[in-house]
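Visitor: I am new to this structure and would like to look around. Could you show it to me and explain the terms as we go?

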Amino acid sequence: MQLYNTLTRKIEEVEPIDPPKVTVYTCGPTVYDYAHVGHWFNYVRMDTLIRALLSQGLKPNWVMNVTDVGHLVSDADEGEDKLQKGARREGKTAWEIADFYTKDFLDGMKALNMLKPGHIVKATDHIADQIALIKRLEAKGFTYVIDDGVYYDTHKFRHYADFAQLDLDDQQITERIKPNPQKRRPEDFALWKFSPKGEQRDMEWDSPWGKGFPGWHIECSAMSMKYLGETLDIHTGGIDHIPVHHTNEIAQSEAATGKAFAHYWMHSNHVTVDGRKISKSLGNGISLQEIIAKGFSPEALRLYVLESHYRSHSIFSWNGLQAAQNRLNDLRAMAALRWQPRQVTHDSTTFALEEVSGVITALLADDLNTPQTLAFLSQVSTQLLAVHIEKDMVDHLEIMLKAIDGLLGLRLSMVKDISPKQKALLHQREAARTKQDWKLSDKIRDQLKFQGIGLNDAAHGVIWYPLWLSYKPDHQ
Ligand SMILES: [Zn+2]
C-alpha cells in the first residue's frame, strides 16, 4: 500500500517493521469541549487508513490518546490549561470536564462507525510513564529547569528543525512564539510545568522536580512507546501538528532512545467551514450532535469526509453535506435492492458485483484515494438502480455490501427489509399512480417518509430505501 510520508515528502510503499503487524499511533482529542466537524474529518480519515491497512491483510495495532491534561491554550507553553479553562467555563472540575467530553468523543466515534483502537489511552493514566521519560531525557542532558517548569533544550537535538523544515532563524516564528525570557531558545518546550505558587489545581501530581503537570507533547511519546515500542510504523495526526507537536514528539523520543520514532507520518489537511477557519469566536465549530439534530445521518458525514482526499484542503458546508446525504440515499437504495429483486430483460452493468470491493481496495491502497472510490461507488449504484438486480444476484449483492462496509464503514449492509404493512402501502401507491391519483400517491409518499422510508422513482419502477437506520451502535 502506498502512502504519502510527511517525513520524506514522498509517496512510499508502506513496509511495516514486523508484518503482518503494523503499529499506528494517532494523536487524539483534547477533551475540553465537543469535537467539531474539523476533528471528525481528521478521525474518519485515520479510521479509513486502518481499514485500508486491514484490506491489505495487515494487522494494525492502533493506539489513540486522549489529552485530558496539560494542553495549554498556546503552543508556547503559556496560558491556561485547556481542561482547566473548560472547567472554569462550566463550573465543574477538570476531572468532570475530561470525563464528560471523553465519553462524548467515544460516542461520536461509535456513531460514525469508526473502528475501535486497540488502546485508547488517557494522559492522566500515564503520569508515571511521562515522568520516567523526562528522567531519561534529563539523564542524557536534554533538559533544564526554569521558574515555571522543566524544559526540553531543542538546541541539543541536532535534527530539531528537519521534520517540519523549520527555519529557526526566521524572526516571524520567533515573534509568534513570544519567548519566555528564561527559555534558552524560543522553540524549547515544557516537559513538566509547575503548579503556579499559591494556586490549587484540579489536576496536579508530585514529580522529582516539584508538584505540577506534564507538558502536552510528552504524553504521546511516552504512551506510544509504552504500547507500541520505541519505533512506530505509522504516526498520524492533523497537519497543524507538524511544526510544533510532532516536531517535539520526535525530538523527545529520538533523544531518549537514539532510534527513529516513526517510519511514516500521515497528516490530515485542514477543514474550513464555508471557507472560514473553524474557531470558537466564529461560532462555526459544528458538532456531530448539531448535524444529527438537523436530520442528517452520521453515515452522511462519513461519506462527506471520504469525498475529499485527506491531503487536500477540505470545505464543510451544509449544502455539501446535503449532497452527501443524497449520495448516501442512493447507496442505501442500492443496498435495499436485496429486498426488491426484479426480472431484468435488458441492459447490464459494466462491472461484476464480485469485482467491486477489489476495485475499492486498490483505490484505497493508492494513498487512500477516497474521492475516486466514491466516484466509482456512485457509478455502481447508478447502474444497479437503473438495471435492477435479479434474484440470483442477491447473495452477491449482500457479499459486496459487507465488503464495502468493511472498507468504508458506511453501514450499507445494515439496511433491512420493510414491514408487510409498509409493503402494502407501496402497492397502494403504485395503484394510485396507475390511476393518476397524484394526491393519494403523494399522501402515501409522505406517510412512508414519516416512517423513515424514502422512495426513488427509478427506470424499472419505484425503489424504497431507509432514510435512517435503526441499530444500536455496538462497539465491537
Ligand atoms: Zn500527539
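Guide: What follows is a short tour of a predicted model, with a reason for each term we meet.

Visitor: Let us begin with the metal. Which residues are the protein donors of the zinc ion?
Guide: They are C27 (SG), C220 (SG), H245 (NE2) and E249 (OE), and they lie 2.0 to 2.3 Å from the zinc ion. A donor has to be within 2.8 Å of this metal, and the distances of 2.0 to 2.3 Å meet that limit. Along the chain, the donors follow the spacing C-x192-C-x24-H-x3-E.

Visitor: What makes the arrangement of the four donor atoms irregular?
Guide: The angles they subtend run from 79 to 128°. To count as tetrahedral, four donors need all angles between 85 and 135 degrees, and 79° falls outside that range, so the arrangement around the zinc ion is called irregular. For orientation, the ideal angle for four tetrahedral donors is 109.5 degrees.

Visitor: Where do H245 and E249 lie?
Guide: Both are in helix α7, four residues apart, which is about one turn of the helix. H245 and E249 are also both buried.

Visitor: Why is N113 called buried?
Guide: Its relative accessibility is 18%. Buried means under 20%, so N113 counts as buried. N113 sits in the loop between α3 and β5 (119-122), and has a positive phi of about 60° although it is not a glycine.

Visitor: And why does Q165 count as exposed?
Guide: Q165 has 57% relative accessibility. The term exposed applies over 50%, so Q165 qualifies. Q165 belongs to the loop between β7 (149-152) and α5 (171-177). Its phi is near 50°, a positive value in a residue other than glycine.

Visitor: Which residues does the cis peptide bond join?
Guide: P19 and P20, with omega about 5°. P20 is placed in the loop between β2 (10-13) and β3 (21-26).

Visitor: How do you know that β13 and β14 stand at the edges of their sheet?
Guide: The open sheet has three strands in the order β13-β12-β14, with mixed pairing. β13 (276-277) and β14 (314-316) each have a single partner strand, so one side of each is left without a neighbour in the sheet.

Visitor: What makes β12 and β14 a pair?
Guide: A pair needs at least two bridges; three bridges join β12 to β14, so they pass. These two strands run parallel, and V271 stands opposite S314 in β14.

Visitor: Now for the empty space. How much of it lies in the largest pocket?
Guide: About 1600 Å³. The largest pocket is lined by 45 residues, and the closest to its centre are Y32, H36, H39, K82 and D240. By class, its lining has 17 nonpolar, 19 polar and nine charged residues. The largest share of this lining, four residues, comes from α1.

Visitor: How many cavities of 30 Å³ or more are there?
Guide: The count comes to two. The largest cavity has a volume of about 40 Å³. A cavity is a space where a probe fits but cannot get out, while a pocket is open.

Visitor: Which residues line the largest cavity?
Guide: They are R45, T48, V305, L306, S308, Y310, L368 and T370. Four of these lining residues are nonpolar, three polar and one charged. Helices α1 (37-55) and α9 (298-307) each supply at least two residues of the lining.

Definitions and conventions: Residues are numbered from 1 along each chain as its sequence is written. This is a predicted model: local features need pLDDT of at least 70, side-chain atom pairs count only at pLDDT 80 or more; totals for chains, interfaces and linings use all residues. Side-chain values use heavy atoms; hydrogens and water are left out. On a 1 Å grid over the protein atoms alone, a cavity is a set of points where a 1.4 Å probe fits but cannot get out, and a pocket is an open set with protein on both sides within 12 Å along at least five of seven lines; lining residues have an atom within 4 Å of a point. Grid points are joined across faces, edges and corners, and a volume is the space filled by probe spheres set on the points. Ala, Val, Leu, Ile, Met, Phe, Trp, Tyr, Cys and Pro count as nonpolar, Asp, Glu, Lys and Arg as charged, and the others, Gly among them, as polar. Donors are N, O and S atoms within 2.8 Å of the metal (3.2 Å for Na, K and Ca); water is not among the atoms, so sites may look incomplete. Four donors count as tetrahedral if all angles lie between 85 and 135 degrees; four count as square planar and six as octahedral if opposite donors are over 155 degrees apart and all others between 65 and 115; anything else is irregular. Buried means under 20% relative accessible area, exposed over 50%, partly exposed in between (1.4 Å probe, protein chains only).
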